[in-house]
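Me: I have a model open in front of me and would like to learn how to read it feature by feature. Could you take me through it slowly?

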Amino acid sequence: MSDAGTEDAGDPTRSATPAEPPESVEVAESESESSAVDDSEAAALDPEVESSEASDAFEALGNEVRMAVFRALVDDSGGEGGDEPLAGRTMTFSELFEASPADTSAGFAYHLRQLTGLFLRKTGDEDDEYALTYAGLEVARAIVAGTYTDRVSFGPVPTGDPCPLCESGELTATCEANYVTVACEDCERGVLTLPFPPGARRGRDPERLLDAFDRHHRHRLSVMSDGVCPECAATMDATLARPPASVTERLPDSDARRAQVRLDCEQCGCRLHAPVTLAVLEHPAVVSLFHDHASNVRDRPIWNVGDEWRETVVSEDPWCVRVSVELGDEVLDLFVAGDCSVAGTRRRSADEIRQAS
Ligand SMILES: [Zn+2]
Ligand SMILES: [Zn+2]
């Protein structure tokens with residue numbers, strides 16, 4: 001089982017060993033021309049950054065009156081939510097005072113001053129209204145979603161999907177303090193452990209929770225594979241590497257040559273190790289293959305994408321992994337390079353494959 005605290009998807013796909021070089025691979029044309037941004041435009045794109053001490057920022061938050069201000073500015077129960085700007089509503093001093101548990105307006109004014117600047121900005125024609133800054137909105141959303149305060153546990157619940165590791169057991173999902181583990185009760189091996197925001201359960205039928213967990217992570221994986229951190233938007237390093245022994249030893253053919261996708265954000269520490277297949281699930285060639293076969297790749301949960309997927313290490317220097325998926329009489333191969341980009345795809349019918357071999 002992987003460490004709770006790191007994002008670690010195991011290996012829900014099986015892989016085949018024979019390595020063969022790709023033949024005629026359609027390689028997407030890369031845009032190698034340098035971009036047409038001149039120096040002045042480059043300077044305009046260079047971001048200016050002002051930073052505050054994190055300890056000052058968090059100190060300003062520790063008060064119930066101030067929490068009420070955040071809640072009021074994102075609270076959707078007023079019924080006028082539809083017209084509000086994306087960054088939450090604006091409210092006057094007296095509206096905010098009304099919404100707070102403060103006893104006196106002088107006391108309330110003090111609390112509001114502590115938030116203004118970092119978390120609140122003055123707005124309106126006469127500068128007499130308050131709105132959340134970016135930081136304020138992040139804090140407000142975390143407060144109402146319970147991100148810092150709620151620890152959700154549930155399960156084990158059956159996923160309805162077979163174990164990809166032993167193929168005889170059924171996978172169950174267990175959530176412990178906001179971390180979901182999908183594991184097999186038969187072979188007692190874990191397939192993945194990933195965090196799940198505590199707010200996910202609100203207003204949702206418990207039977208839909210695992211669907212939401214799957215959606216949440218497949219889109220995070222997609223954005224990570226595109227080189228963008230889903231937490232902080234910094235550059236996500238995407239590389240192929242050999243999986244550690246802790247992963248390979250729980251797989252059926254543990255001696256097979258394997259690769260894993262490693263996604264790391266150097267800025268905020270967000271990271272994920274996953275089967276290569278998961279990094280290409282949302283690739284247009286995959287989506288269209290499934291669509292052409294009247295099927296939807298999104299119906300395959302990340303803990304078991306189905307036994308029609310294969311991963312083959314074609315080369316380790318440089319890295320090339322072929323991810324293949326067979327649907328009906330067609331096989332799609334995706335050739336994944338060391339930076340996890342799809343260097344080429346090949347879609348063939350079973351007839352063409354027979355003729356080629
Ligand atoms: Zn199993
Ligand atoms: Zn990050």
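Me: Let me begin with burial: how many of the 6 residues of strand 9 are buried?

Reply: This is a predicted model, and what follows should be read with that in mind. In strand 9, residues 179-184, 5 of the 6 residues are buried, so this strand is largely enclosed by the rest of the structure.

Me: Which strands pair with strand 9, and in which sense?

Reply: Strand 8, residues 170-176, pairs with strand 9 in the antiparallel sense over 6 bridges, and 5 bridges join strand 9 to strand 10, residues 190-195, again running antiparallel. Thr181 of strand 9 shows both pairings, since it stands opposite Thr174 and has Thr193 in strand 10 as a bridge partner.

Me: What should I look for in the turns that link these strands?

Reply: Look at the number of residues between the strands and at the sign of phi. The hairpin of strand 8 and strand 9 has 2 residues between the strands, and Ala177 there takes a positive phi near 45°. The hairpin of strand 9 and strand 10 has 5 residues between them, with Glu188 in the turn at a positive phi of about 60°.

Me: Why do the side chains of a strand alternate between faces, and which residues of strand 11 are buried?

Reply: The general idea is that, in a regular strand, side chains alternate between the two faces of the sheet. In strand 11, residues 236-241, Met236, Ala238 and Leu240 point to one face and are buried, whereas Asp237, Thr239 and Ala241 point to the other and are not. Strand 11 is joined by 6 bridges to strand 12, residues 260-265, in an antiparallel arrangement, and within that pairing Thr239 stands opposite Arg262.

Me: Which residues touch the most other members of the largest nonpolar core?

Reply: That core has 50 residues, and those touching the most other members are Val182, Val261, Val276, Ala279, Val321 and Val336. Helix 7, residues 209-225, supplies the largest share of this core, with 5 residues. Leaving aside residues up to four places away in sequence, Val336 touches Leu240, Val276, Val280, Val321, Val323 and Val342. Apart from this core lies another, of 19 residues, among them Met91, Ala102, Phe119 and Leu132.

Me: Met91 brings me to strand 4: what is the order of the open sheet of 3 strands?

Reply: The order is 4-6-5, with antiparallel pairing, and the edge strands, each pairing on one side only, are strand 4 (91-92) and strand 5 (120-123). Strand 4 and strand 6, residues 129-132, are paired over 2 bridges, and Met91 stands opposite Tyr130.

Me: What do the buried residues of helix 3 pack against?

Reply: They pack against strand 4, helix 4 (93-99), helix 5 (105-115), strand 6 and helix 6 (134-145). Helix 3 covers residues 64-74, and its buried residues include Arg66 alongside Ala68, Val69 and Phe70.

Me: Where is confidence lowest and where is it highest?

Reply: The mean pLDDT is lowest in strand 3, residues 26-27, at 44, and highest in strand 16, residues 330-337, at 97. For the protein chain the average is 85, with 84% of the residues scoring at least 70. Over residues 1-6 the pLDDT stays under 50, and over residues 12-34 it is below 50, although this second stretch has 45 contacts in the model beyond near neighbours in sequence.

Technical notes
Residues numbered from 1 in each chain as written. Chains lettered and ligands numbered in written order. Predicted model: local features only at pLDDT ≥ 70, side-chain atom pairs only at ≥ 80, totals over all residues. Pairing = 2+ DSSP bridges. Helix = DSSP H or I, 4+ residues; strand = E, 2+ residues; numbered from the N terminus. Buried ≥ 20, exposed ≤ 12 C-beta atoms within 10 Å, placed from the backbone. Core = buried A, V, L, I, M, F, W, Y, C linked by C-beta atoms within 7 Å. Contact = placed C-beta atoms within 7 Å. pLDDT = per-residue confidence, 0-100.
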